[in-house]
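These are my notebook entries from an afternoon of looking things up, written so that I can retrace each step later.

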Amino acid sequence: MPELGNWLLWLASLTTAYSLIILIIGIRRGRDGANLIASGNNAALAAGGLLTLTAGLLFYNLAASNFRVEYVSHYTSRELPLFYKLSAFWGGQQGSLLLWAWLLALFTVAVLLIYQRKNLPTLPYVIAILMAILLFFNTLLLFVAPPFALLAQIPANGAGLNPLLQHPAMAAHPPLLYLGYVGMAVPLAFALGALLSGHLDDTWVKNVRRWTLIPWFFLTMGIMLGARWAYVELGWGGYWAWDPVENASLMPWLTGTAFLHSIMIQEKKSMLKIWNMVLIIVTFELCIFGTFITRSGIISSVHAFAQSGIGPMFGLFLVTTTVFAVWALSRRVAALRASNKMESLVSRESTFLMNNLVLLGATFAVFWGTIFPLISEAVRGVKITVGAPFFNQVNLPIAMALLALTGIGPVLAWRRSSTENLRKQFAGPLVAAGAGVILLWILGVRHLYAFITMLLAIFVTATIVQEFYRGVRARRQSHQENWLAAVWQLLVRNQRRYGGYVVHFGIVLIFVGISGTAFTSHLEATVRAGEAFAIGPYQVQFAQMQFGQDAAKQWMAAEVRVSREGNFLRTLQPEKRLYVTHEQPTTEVALLSTWRDDLYLVLAGYEEEKQAATFSAYVNPLVVWLWIGGWVMALGTLLALVPLAPRSVNVHASKKPRRTPRLAQPREELIATD
Amino acid sequence: MNSRLKIFLAVIVLVVAIMFLIGSGMNDTMVYYVTAKELKADPVKFVGRGLRLNGKVVANSLTKSAATAFEFAIMADGELVRVRYAGILPDTFKENHEVLLEGEYTGEGVFVARQIFTKCASKYEAVPEHDSTLMQK
């Protein structure tokens, strides 16, 4: 049945092309084009349906181990568990591209279903742009990377999925990232729709915020899961290596974060309109750029992606879309000029502007470091590269500035903060930070960056706690609610704001987790059975080696008894495996994770005759807070995104336009407390 | 001072600071790609610099002086370079396979590798290979 796949792809592509063309004609006809636009919309829905069928067919062939399909035989094997057979959908290039196209089509369907009845004048433009992007992916699937290519001879078994990829985090990591990359097409389409149609009022801003938060959420989760996977699977003791592929996912996240903040300034103050357009265009292009650099092979990465014809295609797409977006923007520059001006350096707008610059600075540093080998070769003829040390050295101070702004920005007043406002907002957090200095000193934190980071973490947490406390106190006074009800009502009635604070708290935890890197200890030790070695507070005793094998692999596992400060904790089993289908051995890390630190053990080798095992051991302080921070961020984003009560949306919508910023009124939303 | 001027100055200070960070970061951490030929032709030039060197591990050249101390040789464009490495060899390290070394060249003609990256000939895509320790401090 796989032949059907090609037919479905052709049908989907033709439908997409039809939708695009008919929408453009419909838009050009203006009032008379309504029927055409309706037909174009229906075609877009149909394309979504057809691609869903196509994806379903590939899932079916993967599950049924139909090795006649080259893709299936390439990435799965009979003995693979069903879960990994299905996740092999995005194990290779063709499937990944199909996933992109399918997700993009689904996003389009969602946009259509939500806005079709609302008579949004920009909607036809938005759909047309999404269809144009989809057409690009469809073309790739038809001509460059066909997922349903068939083999002349059907192999008895497939090649199987690389064992390193057989991990739940790795099954979820690629589709989450793709949802992030693809999803950024929607805010881009809204922005371009506004530019092309000339409906530059704030409607697009309102719509686009939510549609940016969705892919941003997926990007966050995708990056976190990728880091988690690298940490538990790769065995080098870290989670982030500043590899070009990792950088490629971080860059749109940074600019997307900047956009999410500066769009608020536009919403509230009608400023930064051109800047916001530029930011969303840059964010989308960076999503494409990531795929371009990794798949074209112009930058060598430790991620061994297949290099193929899609690299140049993505390059071409990148250039075309950028030129188009810049052209669309240039036509409206005059209309986008700000009607308001920044009034004070000590105001929320200006700290948001600083936040934007810092985020863009970080993006530029990452971008520069990633493409530097290319530049130096082109300009000076020498190939020079910069690795992790560069990125760490540059980004740590930038990140700390960002963390500081996370605390300062949200509690400053709009327009201008009075001295009174500053005292009121910062007295508490500064006292907390002062106490933090003493506490950190007593705890023995002497590393400069770690000290500053933890201090800022305390400061930012204090501002967040203060915000929640004041909000809850106000509700309790005005509504006579108990604490719990007050917290809930506070969240429900202003989800965006308090969800945002929760995200900020997640960021704080992530920074705390990262600051632990300053205190990592690492050693390599060779010990005989019965002997022990010490690392940090841990004693690690190698008890014995066990060997075994099953159909898929041979393995050896060291039985290791771990104690902390003399107390036995538990037995760990770092392993080395050799899979039948793959020549190289793989490492199974043993991890003992606590809130204080992780003991991370890798079995590096074993000498039979001496009965001596070599271990690579790490003690990584505070890492667990990084993962917890990731989950807190996800929770906060959902809180800001998913309406908890139908009323909250209405309250929000009706309240906003009436809100006028007042001088010396620190928190408009908290009038009751003041 | 006018508020807008203050904001403008703050922006300038920020941009200059970030540029400075990037510039000084580059100077401290640059690593040059060299070929074995360049290295042999003018060894003095490269001593003390961060270097990346590509080559194929020579068969039977691997010796082990301790559990985590290795010596081997790599071959690239007809030149043989001796390599010393203290640490754990990546799982993907194999004789006759391509490796990418990062480290320094000593005067006595030995390349001291700090990190070994391997490019396995795997046909599987999306397989990251940071089996070597990528983030050494």
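I began with A:Asn276 and found that its place is in helix H11 of chain A, which covers residues 273–296. I kept in mind while reading that the model is a predicted one.

Is A:Asn276 buried or exposed? I looked up its relative accessible area, which is 0%, and because buried means under 20%, A:Asn276 counts as buried. I then listed what A:Asn276 touches, leaving out residues up to four places away in sequence, and noted A:Phe259, A:Ser262, A:Ile263, A:Gln266 and A:Met271.

Next I turned to helix H6 of chain A, residues 123–144, and checked its length: at 1.5 Å a residue its 22 residues should span 32 Å, and I found the end C-alpha atoms 31 Å apart, which agrees. I also looked at how covered H6(A) is, and recorded that 17 of its 22 residues are buried, so I can call the helix mostly covered.

Then I stepped back to the whole of chain A, where I counted 21 helices and 11 strands. The radius of gyration of chain A is 27 Å, close to the 26 Å that the globule rule gives for 674 residues, so I wrote down that the chain is as compact as a globular protein of that length. I noted that its C-alpha atoms fill a box of roughly 85 × 70 × 60 Å along the principal axes, and that buried residues make up 60% of the 674 residues.

Last, I looked at charge: chain A has 51 positive and 33 negative side chains, and the centres of the two sets lie 15 Å apart.

Definitions and conventions. Residues numbered from 1 in each chain as written. Chains lettered and ligands numbered in written order. Predicted model: local features only at pLDDT ≥ 70, side-chain atom pairs only at ≥ 80, totals over all residues. Heavy atoms only, no water. Helix = DSSP H or I, 4+ residues; strand = E, 2+ residues; numbered from the N terminus. Expected span 1.5 Å × (residues − 1). Buried < 20%, exposed > 50% of the residue type's maximum accessible area, 1.4 Å probe, protein only. Contact = heavy atoms within 4.5 Å. Rg over C-alpha atoms; globule rule 2.2 N^0.38 Å. Lys, Arg positive; Asp, Glu negative; His and termini not counted. Charge placed at Lys NZ, Arg CZ, Asp CG, Glu CD.
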